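Please open the model in your viewer and keep the sequence panel beside it, since each stop on this tour begins with a selection.

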Amino acid sequence: MFDYLIVGAGFAGAVLAERLASQADKKILIIDKRNHIGGNTFDFYNEAGILIHKYGPHIFHTNSEDIFNYLGKFTSWRPYEHRVLASVDGMLVPIPINLNTINTLYGLNLTSEEVESFFASKAVKKEQILTSEDVVLNKVGKDLYEKFFKGYTKKQWDLDPSELDASVTARIPTRNNRDNRYFTDKYQAMPMHGYTRMFEKLLDHPNIKVMVNTDYKEIADFIPFKEMIYTGPIDYFFDYCYGKLPYRSIEFIFDTKNEENHQPTGTVNYPNDQPYTRVTEFKYLTGQQHRQTTIVYEHPKAEGDPYYPVPRPENSILYSRYKDLADKLTKVHFTGRLATYKYYNMDQVVAQSLKLFKKLMTLSAPENRIDEQKIALH
Ligand SMILES: Cc1cc2nc3c(=O)[nH]c(=O)nc-3n(C[C@H](O)[C@H](O)[C@H](O)COP(=O)(O)OP(=O)(O)OC[C@H]3O[C@@H](n4cnc5c(N)ncnc54)[C@H](O)[C@@H]3O)c2cc1C
């Protein structure tokens, strides 16, 4: 009998499997309906021998030393700071918008103080910030909104920014300095030998059995287990009884080029002129040396693998109805981005799983409890 059946071998499931097996001696069966572990971070060497990310570029960044050190037990890290350029008006300029972006785009030579006044003079002040459009207009005004956000958002979500929650663009900063990095987190790094290798190590424990190519509904009635940890889509778990939660998907189109490098930085965004949103060249992320290079184009679409929950009020309401059902189940625990219908970065998912691990330890019978010392990450 397994102590836990864990559905989904992405970060959410794998971290729990590792903690429960290594710290609490639990017997785990972790399954995934895909033919591999690693969830959306799965990477592999393509036919040309270039390490690529099957489900789009994944860059690890976090401010949490604990999470960085915890994952560091399963990989060594390669320092990497991601830089993104946006193709606007025939130029490639840094995004998030900063002093360099404004000076290049408008042929100016502003200082940090002056660029603040520049933004203020362009801003279209809004009394209430309700939508993504309000956020951007209120911060930088119409021209920058149209050059960088309107078209990109429309492609990404098939919605006008005025129809999207303020939260979508609220987290995109505008900088008055020359910091061209995409992220500013304290820890920014890539797993030295890739994500899949890191997952192999996470799951390498005698108490953990791994089964791929298996939807949990195919086996849940035949394999005995005490409790379930579910990281798949919450609406699927409840057979879509209230209807489907909407997601945005992406078609990834890979192209291997007979050149050492194709573009000047890891990712180039195309807010306006192209059908795709961005192009990423993996060798910048992985540091791999190779005479060829592989890039990926991202074409957002409605149908397909669920990637981005669509942040609209009616979807939050629908999710909370499913959550009410989930909260009634004491032997099934929901975690991860699909089971909680939230866009989370990898470090946030790891944090969520570590929190659930602590909760499970507190809930379990006294004889199964482990002391705080062991719960600690080290
Ligand atoms: C295009 C894209 C780019 C991203 N880039 C970054 C980035 O640069 N940095 C960052 O920090 N985060 C990034 N993220 C977010 C990152 O992918 C997630 O934080 C992370 O993968 C979430 O892990 P998870 O385990 O919750 O979900 P997943 O990785 O999706 O794992 C869930 C697993 O459950 C399996 N599953 C689902 N249903 C079933 C079922 N019925 N039976 C069996 N198995 C099932 C799925 O096959 C899947 O493998 C990106 C996301 C996307 C979509």
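Begin by colouring the two domains of this predicted model: domain 1 is assembled from the segments 2–37, 203–244 and 310–375, while domain 2 covers 96–170. If you place a centroid on the C-alpha atoms of each, the centres of domain 1 and domain 2 are separated by 38 Å.

Next, select residues 147–343, to which an unreviewed UniProt entry assigns the feature "domain: UDP-galactopyranose mutase C-terminal". Within residues 147–343, helix accounts for 26% and strand for 24%, and the C-alpha atoms at the two ends of the span are 25 Å apart.

Now move to the ligand and display the 33 residues around it, of which Gly8, Gly10, Gly39, Gly232 and Gly336 come nearest. Helix 1 (11–24) and helix 13 (346–363) are the elements that contribute two or more residues to this shell. Colouring the shell by residue class gives 15 nonpolar, twelve polar and six charged residues.

For the last stop, select Tyr80, which sits in the loop linking strand 6 (77–79) to strand 7 (84–88). Is Tyr80 buried or exposed? Tyr80 counts as partly exposed because 17 other C-beta atoms lie within 10 Å, whereas a buried residue would need 20 or more and an exposed one 12 or fewer. Apart from neighbours within four places in sequence, the contacts of Tyr80 are Ile59, Gln188, Ala189, Met190 and Leu285. Finally, draw a distance from Tyr80 to Met91, eleven residues apart along the chain, and the C-alpha separation is 25 Å.

Methods:
Residues are numbered from 1 along each chain as its sequence is written. This is a predicted model: local features need pLDDT of at least 70, side-chain atom pairs count only at pLDDT 80 or more; totals for chains, interfaces and linings use all residues. UniProt positions are given in the numbering used here, feature names are shortened, and annotations may be inferred rather than shown by experiment. Helices (H or I, at least four residues) and strands (E, at least two) are DSSP runs, numbered from the N terminus. Domain bounds come from an automatic or database domain assignment. A residue is near a molecule or strand if its C-beta atom, placed from the backbone, lies within 6 Å of it. Ala, Val, Leu, Ile, Met, Phe, Trp, Tyr, Cys and Pro count as nonpolar, Asp, Glu, Lys and Arg as charged, and the others, Gly among them, as polar. Two residues are in contact if their C-beta atoms, placed from the backbone, lie within 7 Å.
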